[in-house]
Amino acid sequence: MNADVKIVSGRSNQEIASKIARASHRELSHVTIRNFADGELWVKFEENVRGVDLYIVQSTFAPSDNLMELLLLIDAAKRASALRITAVIPYFGYARQDRKDQPRVAITAKLVANLLTQAGANRVITMDMHTPQLQGFFDIPLDHLYSSSVTINVIQKMDLGNVVVASPDVGGVKNARAYAKMLGDDIDLVVVDKRRPKHNDVEVMNIIGDVKGRNVIIVDDLIDTGTTFVKCAEALRGNGAETIIGMCTHAVFSNDAVRKISSSGAVSKVFVTDTIPLTSTNPKIEVISVAGLFAEAIIRTHENQSISSLFEKAESLT
Ligand code: R5P
């Protein structure tokens, strides 16, 4: 593609946007975003984007103004005649409501896909969606990156030994199995059979697999209230697990999630990525940056090169 590339950032995660721009050897382009007195959003591109291959970086965690801001930026870019608009969404919020699992509920993942498309996005680049099948909700190209291609190096360097990978629920088995295979053909998988009596509450029913004396890596797409992660860790410890480490991509960290993690004797360490900026730090929580992966995806998208090799390491193992 001969068009100029520009990268702009919404306000939800300017840290990762700056890192993505730096890793792509570019400056972030200027955009002004303001709120009216009642909270209504207003955006303006402060430089020409006509004919530009434009990448808008915005994670859509709560509040939903983050999503609204992204929609406004896409709309403004379309009206300013950007050639191609790619929504770069490190954390894709509203993805957990992906089916009609009870009467009279919304399917928000599909709704957000429709909103992005209707606003004028031509492509989406995102990471570790709640379920990879959500790609099918989009009628525009979507590149789904796997954080595992970066985070696996951190675990390998720890050289833990006697490792087992755990999925905190049945839905995460495919992802956890892929992670286990990346660590080695002989790495076992353990599944925690969890129930949700109500939203953000969790009961651990069974642990399927042997964890006695083993070092366990819990792989999950996100930690929200921390209930799933901490209850799984405690159940694993109750079954004789040694060191318990979390590898959870999106640090949603609602309510007292950080306190729960830090006060749990069962949890040794939790690795998260920078798809969502942390508002508080804790010695048990370590951030791994995935900005380089997003930058590479942007460069390759612009140059019309395949980006599959960025994630084939993870995908070929699923
Ligand atoms: C569930 O399917 C997800 O993968 C997470 O395990 C879950 O959303 C975490 O929520 P919380 O931290 O509130 O238990």
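Which residue just after α1 takes a positive phi? The points below address this and related features of the structure, which is a predicted model.

1. The residue in question is H25, whose phi is about 60°. The preceding helix, α1, spans residues 14-23.

2. Within α1, the buried residues are I16, A17, I20 and A21. When the helix is viewed down its axis, these buried residues fall within an arc of 140°, so they line one face of α1.

3. The partners of that buried set come from both strands and a helix: the buried residues of α1 pack against β1 (5-9), β4 (53-57) and α8 (291-302).

4. Elsewhere, 7 strands form an open sheet with mixed pairing, in the order β10-β9-β8-β11-β12-β13-β14. Its edge strands are β10 (203-208) and β14 (285-288), each of which pairs on one side only. On average, neighbouring strands of this sheet are turned by 25° against each other, direction ignored.

5. Strands of a sheet pair through backbone hydrogen bonds, in either a parallel or an antiparallel manner. Here, strands β12 (residues 244-251) and β13 (residues 269-273) run parallel and are joined by 3 bridges. In this region, G246 stands opposite V270 in β13.

6. Helix α5 (residues 173-183) packs on the sheet. The strands touched by α5 are β8 (163-167), β9 (188-195), β11 (215-223) and β12. The direction of α5 makes about 165° with that of β8.

Terms used: Residues are numbered from 1 along each chain as its sequence is written. This is a predicted model: local features need pLDDT of at least 70, side-chain atom pairs count only at pLDDT 80 or more; totals for chains, interfaces and linings use all residues. Side-chain values use heavy atoms; hydrogens and water are left out. Buried means under 20% relative accessible area, exposed over 50%, partly exposed in between (1.4 Å probe, protein chains only). Helices (H or I, at least four residues) and strands (E, at least two) are DSSP runs, numbered from the N terminus. The arc is that of the directions from the helix axis to the C-beta atoms. Contact means heavy atoms within 4.5 Å. Two strands pair if DSSP finds at least two bridges between them. Axes are lines fitted to C-alpha atoms, for helices over the stretch in contact, and angles run from 0 to 180 degrees between N-to-C directions.
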